[in-house]
Amino acid sequence: MITRREFLTASSGSLIVAAVGSRNAAAAERPWYATMRRCGQLNLNERDPLTLDVAGWIDYWSSLKLDALLLNGGGIVAFYPTDVRYHHRSEFLGSRDLFGELAAATKSRNMRLVARMDCNYAYGDALNAHPEWFERNRDGSPRPHNESTWLYKTCMFGPYFTDQMPAIYRELNARYPIDGFFTNGWPSTGDLAVCHCQSCQKVYREQVGGVPPDRTDATSPLYRKYYDAYMNRVLDVWRRWQASVTEARPESVYVGNLGGGIRTVKNVKRLGEVARWFNADHQGRGGDTVIWDCAQQGRVARAVMEDRAITNVTGAYSNSRPTWRHVAKAPAETTMWMAQTAASGMVPWFHWLGGAPEDTRWKEVGRDFFAWLAANEPHFRNTRSVADVAVLYPQRTIAFYRSGSGPRDWRGAERAQTAEYLQGLYYALLEGRFFFDFVHEDDLRTETLSRYRALLIPNAAYLSDQHCRQIRDYVSGGGSLLATFETSLYSEWGDRRSDFALADLFGASADGDTIGPLGNSYIRIERRHATLTGFDGTALLPGPESRVPLRETAAGDAVSLTVVPYYPAFPPEMVFPRTPRTNQPAALFHDRGRSRVAYFAGDVERTFWRSGNPDLGLLLQNTVRWLRGDVRPLVSLDGDGIVETFAWETEPGYALHILNYTNPNMTRGFIRRFYAIGAQKAAFTVSRGRRIAAVRALRTARALPFSQDGDLVRFEVPSVTDYEVIALT
Ligand SMILES: [Zn+2]
């Protein structure tokens, strides 16, 4: 204890030391994984103990200035001489303790060590000794891996997860200086497995009331109960493992494997409540996946984790379709994936697979990017997002949506279409250069939403009464709202309501079954409105594929757009409107003072995504601008090119991130090279009273001229090749 007299007589020098000390103490209260900025992973195979060059590998990872390195501990294969029964030692381990060697080398270079585990498969000897550890088909047979058929799938509801894995964690913790544990492949955010082992049958009897359907089907009462039982078990196992790994080391952490981008079935909000560290195993893209898939992952993760630890894995190998594990992907693609990770507020985790690579081209790609990150590290320490528009992440609609009225009975791979509403809105927001955040539908509290001028809802068909109450509260508190199509027409599980739960906000009621999907229908412009800027020269706009027929309940002056119903598109002789004009609203725009509400009866955002017709994108962008009203955007960036932007308040000031997607490989990988875009004019609102002393482009390492007028800072970014970060300090 320091007395008042001692305090008063202390020199000013020691007071400064005390102040710095207390700041360090505050930083020290945050766990190590909350402040890490760079992660790496070498993923070993069973044969690696024969040849692995530990020193060479640790030199490489250390050159990336990593905070944490992930290395294989065990699970399927133990890379150390384990004494846990049925924990399979690598058959090439010999007398080596490979994990021990790697652990010592990692710690000697001051990197945190995370043991990479796999809890999903085990060998036949374990199956014989512990049949209760394994998943079963309906006929009782175990489930071998589809390629490595000598491995069998373990069951999360069984004792493998509650007994065997914790025993392995304890053994590893007792022997090695491990800072955390990561499980590959579990729990994931995808579909629920349905297993028929003894443990699962007990769950079905006691908690579910029957065997749930094999596939995602929220129309089934058994599926609904199983979904809750399944989520509860995931959270229970996660908490148990967190407790196991911290028994000996309180500062340790368990991190599961999440990801999925915007396509999730398991409730990421609930996962975020138990996770101390959210790892998105979202390593790359294949086929027609868009380049911004990684940034979307960042937005989903941020919505549920806020400023807690989030990492995203970048696969340095070619994880396309088909996949090649042992050759590098295009360097430009790898760089853009890591750039999106950093821009969206996640921590990059660079990953190579196999200890004896014959392709080493990827090494320099990771080192270049990580060296640049390390040199500019303070500017990646975000304290909050600077965005004035929120996009509702419609978790249940993406997980379960299956319209009752016919055409959208999506199954299997088709279920990915449930995310196309969000994808279409997202693309419109990118083209319109809006600064926005995702908010999860289970986090619509006033504290969350009050920061945003507008809430945008891309067809959240499945919403609970509580979700709808919170949305109504937001609007009555002065917030503006965009909603589309079947938003609120179903309960959170997909039971159809007699009307939209938000009919009062929309100013219209659902009047019959949803119509569509049909091409060749139109939107007629009845009268001018702010949302119709840029449509001179046409009375018609392309119509959405599907729409809800409406019975209008509010004042008719909200109707500027009406429906022209479908008519044949072929043959040309038959192509004329049978009903050229109706009173059926295509959209309603309500101006209630500060709060404005726009409701589109059709799936305009999904139709925009599927068709690519820019009229629909412009209509959405105009609508968002109208919702904002006269309020100036917090940040704006004007110039040519397709970019994605993020704005952050950071520890040293502010950062504007610009990702240049202007590329022929924007919607089909891989990016081979970049096409630089020209000057971008930025206007950035800083806190009242904050004076900016310098504006610097970090990727091109140059100072930028700027001006400040009150709280608005203006500057021009001369060009962006792949990615640029502008630091305002
Ligand atoms: Zn089971």
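Is N110 buried or exposed? With a relative accessible area of 72%, N110 is exposed. The structure discussed here is a predicted model, and this report treats its backbone features, its zinc site, its salt bridges, its aromatic pairs and one of its helices.

**Backbone features**

N110 lies in the loop between α5 (98–108) and β3 (112–118). Its phi angle is near 60°, a positive value in a residue other than glycine. A positive phi is also found at E306, where the angle is near 50°. E306 belongs to the loop between α11 (293–305) and β9 (309–315), and with a relative accessible area of 45% it is partly exposed.

Cis peptide bonds also occur in the model. One joins W186 and P187, with omega about 0°; P187 is part of strand β6 (residues 180–187). Another runs from R321 to P322, with omega near -5°, and P322 sits in the loop between β10 (317–318) and β11. A further proline, P221, is placed in helix α9 and counts as exposed at 60% relative accessibility. The C-alpha atoms of P221 and P378 are 50 Å apart, and the two residues are separated by 157 residues along the chain.

**The zinc site**

The zinc ion is held by the SG atoms of C155, C195, C197 and C200, at 2.2 to 2.3 Å. Along the sequence these donor residues follow the spacing C-x39-C-x1-C-x2-C. The arrangement is tetrahedral because the angles subtended by the four donor atoms range from 99 to 118°, and the cut-off for this class requires all angles to lie between 85 and 135 degrees. For reference, the ideal angle for four tetrahedral donors is 109.5 degrees. Among the donor residues, C197 is buried, with a relative accessible area of 3%, and C200 is buried as well, at 1%.

**Salt bridges**

Side chains of opposite charge can pair when their charged atoms come close. Over the whole structure, 43 salt bridges are found. The table lists examples.

| Salt bridge | Closest N to O distance |
|---|---|
| R143 and E135 | 2.9 Å |
| D443 and R445 | 2.6 Å |
| D722 and R699 | 2.9 Å |

The D722 and R699 pair links distant parts of the chain, 23 residues apart: D722 is in the loop between β32 (712–717) and β33 (723–728), and R699 is in the loop between β29 (695–697) and β30 (702–703). D722 counts as buried at 11% relative accessibility, whereas R699 is partly exposed, with a relative accessible area of 25%. Salt bridges that share partners also join E420, E545, D603, R606 and R610 into one network.

In the R143 and E135 pair, both residues are buried. In the remaining pair of the table, D443 is buried at 5% relative accessibility, while R445 is partly exposed at 38%.

**Aromatic pairs**

A search of the whole structure gives 59 aromatic pairs. The rings of W57 and W61 have centres 6.3 Å apart and planes at 20°, so this pair is stacked. W57 and W61 are four residues apart in helix α4, and therefore about one helical turn separates them. Both W57 and W61 are buried.

Y227 and F400 pair in another way: their ring centres are 5.1 Å apart and their planes stand at 80°, so the pair is edge-to-face. Because Y227 lies in helix α9 (residues 221–246) and F400 in helix α14 (residues 395–400), the pair ties together parts that are 173 residues apart in sequence. Y227 is buried, with a relative accessible area of 6%, and F400 is buried at 4%.

One aromatic cluster is formed by Y86, W133, Y160, F161, Y169, F181, W186, W238, W241 and Y254. W186, a member of this cluster, also takes part in the cis peptide bond with P187.

**Helix α13**

Helix α13 (residues 361–375) contains 15 residues and spans 23 Å from its first C-alpha to its last, close to the 21 Å expected at 1.5 Å a residue. Its buried residues are W362, V365, G366, F369, F370, W372, L373 and A374. These buried residues pack against β1 (39–43), α4 (54–63), β11 (324–328), α12 (331–343), β12 (347–353) and β33. Helix α4, one of these packing partners, is the helix that carries W57 and W61.

Conventions:
Residues are numbered from 1 along each chain as its sequence is written. This is a predicted model: local features need pLDDT of at least 70, side-chain atom pairs count only at pLDDT 80 or more; totals for chains, interfaces and linings use all residues. Side-chain values use heavy atoms; hydrogens and water are left out. Donors are N, O and S atoms within 2.8 Å of the metal (3.2 Å for Na, K and Ca); water is not among the atoms, so sites may look incomplete. Four donors count as tetrahedral if all angles lie between 85 and 135 degrees; four count as square planar and six as octahedral if opposite donors are over 155 degrees apart and all others between 65 and 115; anything else is irregular. Buried means under 20% relative accessible area, exposed over 50%, partly exposed in between (1.4 Å probe, protein chains only). A salt bridge is a side-chain nitrogen of Lys or Arg within 4 Å of a carboxyl oxygen of Asp or Glu. Helices (H or I, at least four residues) and strands (E, at least two) are DSSP runs, numbered from the N terminus. The expected span of a helix is 1.5 Å times one less than its number of residues. Contact means heavy atoms within 4.5 Å. Rings of Phe, Tyr and Trp (its six-membered ring) pair if their centres lie within 6.5 Å; planes under 30 degrees apart count as stacked, over 60 as edge-to-face and the rest as tilted.
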